[in-house]
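I opened the model to look up a few helices and how they pack. My notes follow.

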Amino acid sequence: MSDKKSKAKNPVFVIMRRELKSYFSGPIGYIVTGLFLVINGLMFFSAFFLYNRAELRNFFGMLPVMLSFFIPAITMRVFSEEKRVGSIETLMTLPVREIDVVTGKYLAVLVESLVMLAPTLFYVVTAEIFGSPDYGPIIGGYLGAIFICAAYSAIGLFSSSITKNQIIAFVAAMAICLALTFVESFLVFLPDGIVKFFSFISASVHFGSISKGILDTRDLLYFVSLTALFFVCTVRAEVNSKR
Amino acid sequence: MIEVSHVSRSFGNFRAVNDVSFSIPTGQIVGLLGPNGAGKTTTMRMITGFLSPSDGQIFIDGEDITKAPVESKKKIGYMPESASLYGEMIVEDYLKYIAEIHGENAAEKVPALCKECGLKEVMSKNISELSRGNRQRVSLAHALMHDPEILILDEPTSGLDPNQVEDVRAIIREIGKTRTVIVSTHILSEVETLCSRAIIISGGKVVADSPIEELKERFGHELSVKLTVGAKSFDEVAALLKTVPDVDAVNLVKNETAGIAGTIQVLVSVNGTAEIRPALCKKLAEKNVDLYEITLQTNSLEDVFHALTEAK
């Protein structure tokens, strides 16, 4: 028995691999990624051709909004589909813990969202060829983008874990992501006492400061705790679904 | 060894399973019987750890499954009723994935199971393209992947054609020689041919739990004789038939059987297993009563099932 166990692969990675395989063998991943690149490409290259500007500031400026739509589209199926079809029963009766399942699926959607983001590095190449970009904000921008992907993936995963309906999972995740993205725009309407709090929970404020090339522990702490919060909620939701 | 101790499960206000207890030793094939919605699937889901009980405890080899869920699940092979698998995956990839999760050697295990479950022709097909029968087989292969000590099968033969049903039953019988198997079904003949013991659930409660033979004996006479005779009144026939030795009771089935006027169909229950047909015929001939039809009936599990579940 013991030598059998030593051969056992970590279920987290087995589950992650299966998720990735199913994502990349279906059309949805390519459609979502394609659409993401078309819209971002339009924005980047319209500035590039019309205003002769080879820079990524617009791209990074719109990124939190874009990801609020596109990451929920990637994550919506992850648990909802399994719950609707019933394969969750086969999955959860395998000798795995809930946290293994959630971690495996989370890592898979994180990789998927980063794969969606990766082709935008082409804009950097374009900017390098036709201009002289400042690399501080670009590196910061991508670092911030990774953090946003991590946090929004966790939000999407959580929304997917609470419903069988993919549309509801998508809308719920989008609503949360958009709220975190746009909350800073409404700060002027808020009374002074709570402005500080709402400005702290705004994802775009933290993203903005990272993408300026400033690494502040408060911003890191924000994204790490946002990710952890929704990750833990997802694990709880899975444990509670047995009750 | 499975021990289910005073287990209940509620969904909101609905009590799907109500204070169910039983224990199953190793090497027994047990049939879990009951009408639709009786709580069979819920009970199985609790044993496999997919649902946790609202009350009560479940032990696998003496270990509480809520305390060591992963260890318990390693001992169980489960085939859910719906056989819902990942439709977009190829059968072979799916089985390899399950093998990896169990830490089994996929290169060895998958071809062996493919042969055992008759999946050779469909190995490279998408699961969503499979017929229901083949999907059930994939699900069975999934359940057998890690040579589990305990096999839990939720309606394993539903939706299969008669040949496939025989195949699946043969596999279950083979496994049942050394392992513990729980099979849920509402096909009674399946339990009679497959299982040594039946647990009948109705309305979330265990209404009977004993070896199949004992069940039949306890809930009815083993033998009875159905007679269609020409007679004016039932009482007259009953009085006559009761004079035959070994007749325990005479019950009216219906008047005017098959549209023949002046006939009565009765059911004669027999004490023990005595052969009383010749004696019955003689008695009827003696009294000049016309006999239209005579059949010997063995009480089937079906009768037991109806008696136990319909009263509720």
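I fixed the handedness rule before anything else: a crossing is left-handed if the near helix is turned anticlockwise from the far one by less than a right angle, and right-handed if clockwise. By that rule, H9(A) and H13(A) make a left-handed crossing.

This is a predicted model, where local features need pLDDT of at least 70, side-chain atom pairs count only at pLDDT 80 or more, and totals for chains, interfaces and linings use all residues. Residues are numbered from 1 along each chain as its sequence is written, with chains lettered from A and ligands numbered from 1 in the order in which they are written.

Helix pair in chain A. I took helices as DSSP runs (H or I, at least four residues) and strands likewise (E, at least two), numbered from the N terminus. H9(A) spans residues 135–161 and H13(A) residues 217–240. Their axes, lines fitted to C-alpha atoms over the stretch in contact, come within 8 Å and cross at roughly 20°. H9(A) is therefore roughly parallel to H13(A) (angles under 35 degrees count as such). I listed contacts (C-beta atoms, placed from the backbone, within 7 Å). On H9(A) they include Phe147(A) and Phe158(A); on H13(A), Phe230(A) and Phe231(A) are among them.

Helix H5 of chain B. I checked residues 132–144: 13 residues, reaching 18 Å from first C-alpha to last. I found 11 of the 13 buried (20 or more other C-beta atoms within 10 Å of the residue's own, placed from the backbone). Arg135(B), Arg137(B) and His142(B) are among the buried ones. The cover includes helix H6 (87–92) of chain A and, from chain B, helix H3 (91–102).

Note on methods: The expected span of a helix is 1.5 Å times one less than its number of residues. A residue is buried if 20 or more other C-beta atoms lie within 10 Å of its own, exposed if 12 or fewer, and partly exposed in between; C-beta atoms are placed from the backbone. Two residues are in contact if their C-beta atoms, placed from the backbone, lie within 7 Å. Axes are lines fitted to C-alpha atoms, for helices over the stretch in contact, and angles run from 0 to 180 degrees between N-to-C directions. Angles under 35 degrees count as roughly parallel, over 145 as roughly antiparallel, 65 to 115 as roughly perpendicular and the rest as oblique.
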